[in-house]
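Biologist: Got a minute to go through this one with me? I'd like to start with the cavities and then move on to loops and helix packing.

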Amino acid sequence: MAGALAITSQSEQKNNGRVTLYVVLSCMMAGMGGVIFGYDIGITGGVTSMEPFLNKFFHNIYLKMKSDDKVSNYCMFDSQLLTSFTSSLYVAGFVTSFFASYVTRVFGRKPSIVAGGAAFLAGTTLGAAAFNVYMLIVGRLLLGVGVGFANQAVPLYLSEMALPRFRGAINNGFQLSIGIGSLSANLINYGTEKIKGSYGWRISLAMAAVPASFLTLGALFLPETPNSLIQTSQDHQKAKLILQRIRGIEDVQEELDDLTKASSSTSKTSSQKSFKIILKRRYRPQLVMAIAIPFFQQVTGINVIAFYAPILFRTLGLGESASLLSSVMTGIVGTGSTFISMLIVDKLGRRTLFIVGGIQMLASQCIVGGIMAVHLKDHGGLSKGYAYIVLVMICIYVAGFGWSWGPLGWLVPSEIFPLEIRSAGQSITVAVSFLFTFAVAQTFLSMLCHFKSGIFFFFGGWVVVMTVFVYYFLPETKNVPLEQMEKVWQEHWFWKRIVGEMSDDNRGKGEV
């Protein structure tokens with residue numbers, strides 16, 4: 001901790017700029033990349049609970065719902081075709097993240113954001129016009145390409161544009177954008193479900209074109225980050241002008257020198273080499289975090305809520321409209337808690353929010369699992385009283401995720417990598433996130449059918465593991481400049497045994 005304080009003190013001397021309107025507007029536009037991701041998550045869960053959509057594309061599930069023969073509450077929506085529709089986006093995102101790493105590193109953050117918006121817009125068009133399930137899934141694959149590019153570039157863009165002392169708040173704006181997108185989708189689903197006829201789901205899917213268009217067109221006018229300018233073109237003068245504009249001060253030479261020094265070791269590093277370099281001993285902590293944090297983020301169980309909230313609430317015995325309204329409520333809670341996280345993350349730090357959020361999620365999951373185990377059988381629903389208690393507990397769970405693993409799962413990986421492996425590290429983070437999002441999405445409905453209420457205890461067990469992991473192995477990174485982040489690992493009780501206390505002169509010598 002003493003080392004972290006020393007780094008923080010040093011950073012305050014070097015980075016005395018202010019948050020400018022230019023930075024705020026740029027980050028708001030880039031944050032639309034989070035909106036399209038959140039919108040897709042929210043809209044998918046809603047349309048898959050709409051009877052006209054199920055009747056057209058997943059007729060067997062529709063027949064189960066309408067059948068006189070009682071099907072278990074927990075197994076009503078168990079369908080590999082339905083989960084393939086949901087999870088196909090994440091397969092495409094997983095593959096795209098590696099190509100997006102190359103584009104982001106060689107051409108800059110801005111082209112990746114533009115590419116993401118354009119691909120998402122194409123996928124939206126195909127999905128809204130779909131007349132069979134194959135057309136629907138191809139549209140989802142294009143959406144995955146868009147999200148893969150956006151999730152690769154936007155967190156890096158936000159971290160590199162922000163002052164160190166405000167980096168947590170600005171980067172958490174990505175998760176806030178995801179929450180806003182999801183909430184908007186839930187509201188739209190609630191409205192389109194009431195449309196007479198069978199085309200309400202088409203409106204829900206088509207409305208994704210609004211944020212995608214904003215992102216695609218708006219990104220054309222975004223400035224490139226100073227870090228990316230130095231890395232891709234070595235244009236120090238342009239980088240200095242951008243730094244002066246985003247910091248709101250004339251004297252940015254010290255920060256520019258830090259960026260130049262950080263970039264000097266990357267100028268001869270190819271994209272392929274950066275993936276080899278990240279395997280070296282001195283980057284072992286960053287590699288572990290790039291894999292562990294997105295993995296843990298997905299096994300919190302948030303996808304139980306994010307993808308399938310309306311389906312889950314229908315499992316509890318709520319009607320179609322009530323299920324969608326309940327999803328709106330959880331969306332409001334999630335967005336509000338992420339906004340709170342933006343205000344406090346740079347004061348309380350990352351570790352505190354991770355640990356408090358973990359305890360909160362664990363308690364609420366255990367209560368929900370207990371109620372369902374005792375009171376929700378294969379047939380019949382919960383009483384209104386217990387259904388409302390479950391809804392409140394799920395809101396508490398979503399709040400815990402909203403100010404901890406939700407935003408911090410994107411923030412911490414985006415700020416811990418030095419420039420030479422930053423794009424490669426972020427691509428690993430995004431790829432692991434998509435891989436395990438796919439795994440959870442593909443298996444959840446089947447797990448719900450077989451585990452029943454035990455699904456909440458399953459995810460609760462993982463919350464215990466990840467909270468302990470953070471307590472022992474994640475150092476605090478608040479207020480530390482990106483260019484000085486390696487020192488945090490050299491001061492940590494465990495990681496210093498691996499990376500050693502290397503000086504700038506002997507870094508990289510004799511490593512394996």
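**Cavities, loops and a helix pair**

Modeller: Sure. In the second largest cavity, α7 gives the largest share of the lining, with five residues. Keep in mind that this is a predicted model.

Biologist: Which helices each supply at least two residues of that lining?

Modeller: α3 (32-47), α7 (109-128) and α8 (133-161) each do that for the second largest cavity.

Biologist: And how many residues line the second largest cavity, and which lie nearest its centre?

Modeller: There are 16 lining residues, and D40, T124, R140, L143 and L205 are the ones nearest the centre.

Biologist: What's the mix by class in that lining?

Modeller: Nine are nonpolar, five are polar and two are charged in the lining of the second largest cavity.

Biologist: What volume does the second largest cavity have?

Modeller: About 120 Å³ for the second largest cavity.

Biologist: How many cavities of 30 Å³ or more does the count come to?

Modeller: Five cavities of 30 Å³ or more.

Biologist: OK, switching to backbone. What's phi of K452?

Modeller: Phi of K452 is near 55°, which is a positive value in a residue other than glycine.

Biologist: Where does K452 lie?

Modeller: In the loop between α23 (419-451) and α24 (454-473).

Biologist: Why does K452 count as partly exposed?

Modeller: Because its relative accessibility is 29%, and partly exposed covers the range between under 20% for buried and over 50% for exposed.

Biologist: What about N479, what's its phi?

Modeller: Near 65° for N479, again positive in a residue other than glycine. N479 is found in the loop between α24 and α25 (486-491).

Biologist: Is N479 buried or exposed?

Modeller: N479 is buried, because its relative accessible area is 14% and the cut-off for buried is under 20%.

Biologist: Last topic, helix packing. At what angle do the axes of α16 and α24 cross?

Modeller: Roughly 150°, and the axes of α16 (residues 284-298) and α24 come within 10 Å.

Biologist: Why give me both an angle and a distance?

Modeller: Because two packed helices are described by the angle between their axes and the distance between the axes.

Biologist: Is the crossing of α16 and α24 left-handed or right-handed?

Modeller: α16 passes α24 in a left-handed crossing.

Biologist: Which residues meet there?

Modeller: From α16 you have V288, M289, A292, F295 and F296, and they meet W462, V465, M466, F469 and F473 of α24. By class, the contact of α16 with α24 has ten nonpolar residues, no polar and no charged.

Note on methods. Residues numbered from 1 in each chain as written. Predicted model: local features only at pLDDT ≥ 70, side-chain atom pairs only at ≥ 80, totals over all residues. Heavy atoms only, no water. 1 Å grid on protein atoms, 1.4 Å probe; cavity = no way out; pocket = protein on both sides within 12 Å on 5 of 7 lines; lining within 4 Å. Points joined across faces, edges and corners; volume = space filled by probe spheres on them. Helix = DSSP H or I, 4+ residues; strand = E, 2+ residues; numbered from the N terminus. Nonpolar A, V, L, I, M, F, W, Y, C, P; charged D, E, K, R; others polar. Buried < 20%, exposed > 50% of the residue type's maximum accessible area, 1.4 Å probe, protein only. Axes fitted to C-alpha atoms, helices over the stretch in contact; angles between N-to-C directions. Left-handed = near helix turned anticlockwise from the far one by under 90°. Contact = heavy atoms within 4.5 Å.
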